[in-house]
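Let us take a friendly walk through a protein that sits with RNA. Please keep the structure open beside you as you read.

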Amino acid sequence: MKQSELFVKTLREDPKDEESLNAKLLVRAGFVYKVMAGVYAFLPLGLRVIKKIENIIRREMESCGGQEILMSALQAKSDWETTGRFENFDVLFRFTSYYSGIDYVLGPTHEEELVPILKQHIFSYRDLPVYVFQFQNKFRDEKRAKSGLLRGREFYMKDFYSFHADEADLDSFYEAMTESYKRIFNSVGIGDKTYYTLASGGTFSKFSHEFQMVTPAGEDDIHICDKCGIAVNEEVFKETDSACPVCRGKKLRSEKAIEVGNIFKLGDKYSVPFGLKFKNENGEEKNVQMGCYGIGVSRLLGAITEASHDDRGLIWPETISPFKYHLLEQVPGGAAELYEKLTHDGYEVLYDDRDVSLGEKFADADLIGIPVRLVVSSKTGEKIEAKKRNEEKIKLINYEDISKL
RNA sequence: CGGGCUGUAGUAUAGCGGUAGUAUACAUGCUUUGGGAGCAUGAGGUCUGGGUUCAACUCCCGGCAGCCCGACCA
């Protein structure tokens, strides 16, 4: 893509209405636009990152057997009354139609919508298990939105729900999903700082499990056991007499972290109020067992920003960068031919063809953070200059070498 | 939800009870081209409602908005 055609421009100054690093960088680099506190729009570059993350997650969810659907964001009050959560879910956005006086809910999560859907399809043990997932904006009326993309009132999320005939089946799927989550966080470039974390909130099992990425910008305190590689959330750490619940090791280190994923065994918490039952092999009626598995995609965008930047700007992991190559030229048209060739050969390249100084292009390239920068100028002759965003080393290379970067 | 801070061009900021300034971005022209280039010209602004005052962007009160701390966060 030609940068001159990108409608978004970078900002020279940090926005005054943002304090958190992820929001400052993403707004300045033109990845997102702040609509209001806790609500962001995704601009072309930001959306490309979102889509890359989404596709990594989608592949994993499909490999776990998940079928993608898209539920509605607008939900029925009656479904929320069925579970008793219309009254007591504290971050629930409720509103009333101006014309009809009918009450609605903006979905903060989708058990209330999905379970009635499955009631139309699940009757027999032969119908189980079922795995369903979606990507969708969620709405939560946070008392205090904060930290840029990390805690918003509207955010983009992957939510996966599993339905099982019994607890053993739920347990084994839960383990498979845990491994899938680890692969996802590795793929998006934060595997080394993301920990499988024991947390409270298990209504059905003793713990729920979070995936916590270590960062000073985080809002949770976790205790990491380097011996077995897991972490314990502060909220359950208090009850563990300072030992790792897994290996009983005593050497845990405390870190600030942000939750980037969360998996729950729900059991029959939602199948009971909705009457989601099936007949087993013996003709006995049983409650369906459920699990749910979330990843905050837009939060992940902010978290990765926090984890990967320097004082000049963003530094994208290759797998989720909006483009793989950023092509700069010294004089207008100087790299036009190379751009055509790269595009023709299938390279994903952002070509800075703007009529501005090379210095400004360097500054913007550092800010935007594409992993490989290519430059064509009077200094490069027949060669192409290549520099990685996370290295200082500059090399002169031939066209054939580009693919090896 | 409690507390604190802050609202001035697109963006970032200065200042003052009496004609609102700078940088940057933008428009036009010329000169430039390896780390946010130079000169000239031009256009563009005081969150909102009330109060005090001869006069309010400035002082006072309310509202709204943003950020931060706390509480909250299946």
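This is a predicted model, and a good place to begin is a sheet.

**A sheet of three strands**

Strands β4, β6 and β5 form an open sheet, lined up in the order β4-β6-β5. Their pairing is antiparallel. At the edges you will find β4 (74-76) and β5 (93-96), and each of them pairs on one side only. From one strand to its neighbour, the turn is 40° on average, with direction ignored.

Now look at how β4 is held to β6, which covers residues 103-106. Three bridges join these antiparallel strands. To see the pairing for yourself, find Q75, which stands opposite V105 in β6.

**A sheet of five strands**

Further along the chain is another open sheet, built from five strands in the order β20-β19-β21-β22-β23. Here the pairing is mixed. Because β20 (349-352) and β23 (394-397) stand at the edges with a single partner strand each, one side of each has no neighbour in the sheet. The twist averages 25° from one strand to the next.

Inside this sheet, strand β21 (residues 372-376) and strand β22 (residues 384-388) run antiparallel and are joined by four bridges. One pair to look for is R373, which stands opposite K387 in β22. A helix joins the picture too: α11 packs on the sheet and touches β19 (325-329), β20 and β21. The direction of α11 makes about 170° with that of β19.

**Two pairs of helices**

Next come two places where helices meet. The table sets out their angles and distances.

| Helices | Angle | Axes |
|---|---|---|
| α2 (residues 44-63) and α6 (residues 167-187) | about 160° | 10 Å apart |
| α1 (residues 21-28) and α9 (residues 297-307) | roughly 100° | within 9 Å |

Why are α2 and α6 called roughly antiparallel to each other? Their angle is about 160°, and angles over 145 degrees count as roughly antiparallel. The crossing of α2 past α6 is right-handed. On the α2 side, the meeting residues are I56, I57 and E60, while α6 brings S180, R183, I184 and S187. By class, the residues of this contact are three nonpolar, two polar and two charged.

The other pair follows a similar line of thought. Since α1 and α9 cross at roughly 100° and angles of 65 to 115 degrees count as roughly perpendicular, these two helices are therefore roughly perpendicular to each other. L21, N22, L25 and L26 in α1 meet G302, T305 and E306 in α9. The contact of α1 with α9 divides into three nonpolar residues, three polar and one charged.

**Around the RNA**

Finally, let us turn to RNA strand B. How many residues surround RNA strand B? There are 43, and the closest are D17, A37, G359, F362 and S377. Two elements give two or more residues to the surface near the RNA strand, namely β13 (252-267) and α11 (358-368).

Which element gives the most to the surface near RNA strand B? That is α11, with eight residues. You have met α11 already, as the helix that packs on the sheet and touches β19, β20 and β21.

By class, the surface near RNA strand B has 17 charged, 14 polar and twelve nonpolar residues.

Conventions:
Residues are numbered from 1 along each chain as its sequence is written. Chains are lettered from A and ligands numbered from 1 in the order in which they are written. This is a predicted model: local features need pLDDT of at least 70, side-chain atom pairs count only at pLDDT 80 or more; totals for chains, interfaces and linings use all residues. Two strands pair if DSSP finds at least two bridges between them. Axes are lines fitted to C-alpha atoms, for helices over the stretch in contact, and angles run from 0 to 180 degrees between N-to-C directions. A residue is near a molecule or strand if its C-beta atom, placed from the backbone, lies within 6 Å of it. Ala, Val, Leu, Ile, Met, Phe, Trp, Tyr, Cys and Pro count as nonpolar, Asp, Glu, Lys and Arg as charged, and the others, Gly among them, as polar. Two residues are in contact if their C-beta atoms, placed from the backbone, lie within 7 Å. A crossing is left-handed if the near helix is turned anticlockwise from the far one by less than a right angle, and right-handed if clockwise. Angles under 35 degrees count as roughly parallel, over 145 as roughly antiparallel, 65 to 115 as roughly perpendicular and the rest as oblique.
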